[in-house]
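The following exercises concern one protein model. Each task is followed by a solution in steps.

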Amino acid sequence: VIAALCSCFAPDVQQTYHQTILPALMAMLEPSCHGRLRTRAAKCIVDFTAECDDDEAEMLSNYSDAMVASLTALLTNGTVPQKKAAITTLASLAASLDERFVKYYAHLMPGLMSILQGEVTGGNGRDGAALAGRAMECVSCIADAVGAENFAADAPAVMEILMALHTRFSQGDEQNFNYLLQACSRICAAMGASFAPYLERLMPSILAYAELDPKLDMVSADSAGDDGDDEGEAAVMMIKGMGKMRVSINIKALEDKALGFSMMSAMAENLKELFLPYVRQCADLLVPCCTYKLSGDVREAAIEALPHVLACVREAVGKGQAGADMLQGLLAFAWPQLLQASLIEPDTETQHNILSAISDCIEACGAGCLDAAMQEQLCEILRPLVEDHVKGAGKEDEEDDDEDSDQESTMIKVVEVVSSGLKAGGAQMVPHVQEKLLPHFGQLLAANRSSDDKVAALNCLCEVVDHGGEAAWPLVSDIAAACLQ
């Protein structure tokens, strides 16, 4: 129950009841408590700390000394399930405390590396593999938390161990192999450019995950047996012309595909121009999946990776390692799919992420990256979002607060995209904004609209003035009047 409350009502539960919850959970980590209860208490701390961000980190640091001491004791003397829970909890605590975790680094890192080294040599026995994945996760979370300066001395040794385990886990231990790839993603963020030498070993695996192409499998529900794919998900449905069919797909393959895209994103973001040799292969996989129909996670991971890939090319162009035509060509390749993704995306939160990605892609490519046709297309896909908001949400008497909040967030994202487009297109972009968007934003200034609507409209008008150059001058008097009303 406590775990559910911490997850469902965060961060209110953490901020209000930490003085009650954390001491009680830490008391249950003591050796005098039943072993299963100690494991559950550690897992519950994970649920508590997972929802803590910078606002709660200071509060959490008041308990961290005692918490780390209890978890270290559990890791040293506990059973395998208890050790797994302790390692996972330490990883979550490191992620929440961030740089505040530095003081525990020297105490914890040698033991965690020993677990991993034991798995390389086979000295951990049958229980080693069960702990290795969690240890990789914990080491990488600590590295990400303490930063490059504190992790630098141990980074080569850690990566040497992980590369040895990469060969071993890639031959059949899929669960630990996924732990390893995710650990490398976090360590890449901590090491930055120093991580580049390991790309040659990792990229084949990352590309293989991204290339996975699970298909829907349909068989007659009457003839389908119970021995389906253990890693799949199935549903029975009526299909016109075919009758009752059992439809299934390999969920594990979809998760691995999304992981491959997330790894590409992390590598491009942290290695910048050093990732350039892999850009074309990655783009060929990412762009078509912006509209991937079988998994929202795959779509979102592909879309979120594109701005980082473009930024990587931009860095290379700035250092003379690539031509400007490569950057423009990559944007032109991705542009239709990004816009189409925005048009068809049914999930509001993912729609916001797509708009952010479009804005980030434009900013990554810089001034002049949008030709006249791209500017018009951009305004065209934004127009229905503003129209829908004008017609259906944002009025002060609106009862559905959650829908209002979603719509207001959409308007914020729309204004961000307009701003990026104007920065890139300048005066050339103004006529498209004026024709397709400003009439609808003008309606958001009506007296019966909410203050959030009016702020969004005024922000859009200000962006036109700021970045529209001479083309915005004829609009200045109307915009000034709107600001003063």
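**Exercise 1.** In which helix is the place of Asp55? Determine also whether Asp55 is buried or exposed, and to which surface patch Asp55 belongs.

*Solution.* The model is predicted, so that local features need pLDDT of at least 70 and side-chain atom pairs count only at pLDDT 80 or more, while totals for chains, interfaces and linings use all residues. Residues are numbered from 1 along each chain as its sequence is written, and side-chain values use heavy atoms, with hydrogens and water left out.

Step 1. Asp55 lies in helix α4, residues 54–77; helices (H or I, at least four residues) and strands (E, at least two) are DSSP runs numbered from the N terminus.

Step 2. Asp55 has a relative accessible area of 65% and is therefore exposed. Buried means under 20% relative accessible area, exposed over 50%, and partly exposed in between (1.4 Å probe, protein chains only).

Step 3. Asp55 belongs to a surface patch of negative charge together with Asp53, Asp54, Asp98, Glu99 and Asp144. Patches are made of residues with over 30% relative accessible area and no salt bridge; like charges are joined within 9 Å, and nonpolar side chains (Val, Leu, Ile, Met, Phe, Trp, Tyr) within 5 Å.

**Exercise 2.** Describe the surroundings of the buried residue Lys257.

*Solution.* Step 1. Lys257 is located in helix α12, residues 251–271.

Step 2. Although buried, Lys257 has no salt bridge, and the nearest side chain of opposite charge, Asp213, is 5.5 Å away. A salt bridge requires a side-chain nitrogen of Lys or Arg within 4 Å of a carboxyl oxygen of Asp or Glu. Lys and Arg count as positive and Asp and Glu as negative; His and the chain ends are not counted.

Step 3. Leaving aside residues up to four places away in sequence, Lys257 touches Tyr209, Ala210, Glu211, Leu212, Cys289, Tyr292 and Val298, where contact means heavy atoms within 4.5 Å.

**Exercise 3.** Which parts of the chain does the salt bridge between Glu273 and Lys319 tie together?

*Solution.* Step 1. The closest N and O atoms of Glu273 and Lys319 are 2.8 Å apart.

Step 2. Glu273 is in the loop between α12 and α13 (279–286) and Lys319 in the loop between α14 (296–318) and α15, so the pair joins parts 46 residues apart in sequence.

Step 3. Glu273 has 13% relative accessibility and therefore counts as buried.

**Exercise 4.** Analyse the salt bridge between Glu376 and Lys436.

*Solution.* Step 1. In this salt bridge the closest N and O atoms are 3.9 Å apart.

Step 2. The pair links distant parts of the chain, with Glu376 in helix α17 (residues 372–392) and Lys436 in helix α19, 60 residues apart.

Step 3. Glu376 is partly exposed at 38% relative accessibility, whereas Lys436 is buried, with a relative accessible area of 6%.

Step 4. Through shared partners, salt bridges join Glu376, Glu380, Arg383 and Lys436 into one network.

**Exercise 5.** Locate Ser342 and identify the residues that Ser342 touches.

*Solution.* Step 1. Ser342 is in helix α15, residues 324–344.

Step 2. Its relative accessibility is 4%, so Ser342 counts as buried.

Step 3. Excluding residues up to four places away in sequence, Ser342 touches Gln351, Ile354, Leu355, Ile358 and Ile381.

**Exercise 6.** How many helices and strands does the protein have?

*Solution.* Step 1. The protein has 22 helices and three strands.

Step 2. Of its 485 residues, 49% are buried.

Note on methods: Areas by Shrake-Rupley, 256 points an atom, 1.4 Å probe, with all protein chains shown as cover. Charge placed at Lys NZ, Arg CZ, Asp CG, Glu CD.
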